[in-house]
Amino acid sequence: MIINGVELKFALYNADEEDTKKKYFDELNKMQTVLTSLPDGPEQEKNAYLCGKIKEFFDNIFGEGTGEKVCGKENDLLAHVDAYDQIVSEQMRQNKKFREIMGHMKSFKKAEK
């Protein structure tokens, strides 16, 4: 998949990429608590914190420096949450596609009987 011109190897159903899948879901679980751990202070500080967490998310899955490549050097929160949304949306798209195909396979098996 490509986010902001950066190609990421993100195939959740590729058995050869099981490590990436595990890292992704580990990081996704960590992101569940990010909003509850926002620092007190001005909006700019909160935005920088959130941007840092999203960059860290990409770094921990795809390697150091990936977060900055994908999201940019600045703390543009909209750019960061957009990149995060793109990868989560891709995960949901892959899961949906897999379920659809598996559903068709079950239908074929029933039709054969």
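## Salt bridges, fold and a surface patch in a predicted model

E56 and K53 both belong to helix 2 (residues 43-62), where they sit three residues apart, about one turn of the helix; helices here are DSSP runs of H or I with at least four residues, strands are runs of E with at least two, and both are numbered from the N terminus. This is a predicted model, in which local features need pLDDT of at least 70 and side-chain atom pairs count only at pLDDT 80 or more, while totals for chains, interfaces and linings use all residues. Residues are numbered from 1 along each chain as its sequence is written, and side-chain values use heavy atoms, with hydrogens and water left out.

Side chains of opposite charge can pair when their charged atoms come close. With a salt bridge defined as a side-chain nitrogen of Lys or Arg within 4 Å of a carboxyl oxygen of Asp or Glu, the count comes to seven, including the three in the table.

| Pair | N to O distance |
|---|---|
| E56 and K53 | 3.8 Å |
| D19 and K23 | 3.2 Å |
| K30 and E27 | 2.9 Å |

D19 and K23 lie four residues apart in helix 1, about one turn of the helix, and K30 and E27 are both in helix 1 as well, three residues apart. Buried means under 20% relative accessible area, exposed over 50%, and partly exposed in between (1.4 Å probe, protein chains only). E27 counts as buried at 6%, whereas its partner K30 is partly exposed at 45%. D19 is partly exposed at 48%, as is K23 at 32%; in helix 2, E56 is partly exposed at 35% and K53 likewise at 24%.

The protein chain has four helices and two strands, which run β-β-α-α-α-α from the N terminus on. Its radius of gyration, taken over C-alpha atoms, is 17 Å, well over the 13 Å that the globule rule gives for 113 residues, so the chain is more spread out than a compact globule; that rule is 2.2 Å times the number of residues to the power 0.38. The C-alpha trace spans about 65 × 25 × 20 Å along its principal axes, and 28% of the 113 residues count as buried.

Y13, F98, I101, M102 and M105 make a nonpolar surface patch of about 440 Å². Such a patch joins nonpolar side chains (Val, Leu, Ile, Met, Phe, Trp, Tyr) within 5 Å, from residues with over 30% relative accessible area and no salt bridge. Y13 is found in the loop between strand 2 (6-7) and helix 1 (18-31), and is partly exposed at 40% relative accessible area.

Notes
Patches are made of residues with over 30% relative accessible area and no salt bridge: like charges are joined within 9 Å, nonpolar side chains (Val, Leu, Ile, Met, Phe, Trp, Tyr) within 5 Å. Accessible areas come from the Shrake-Rupley method with a 1.4 Å probe; for residues, only the protein chains shown count as cover.
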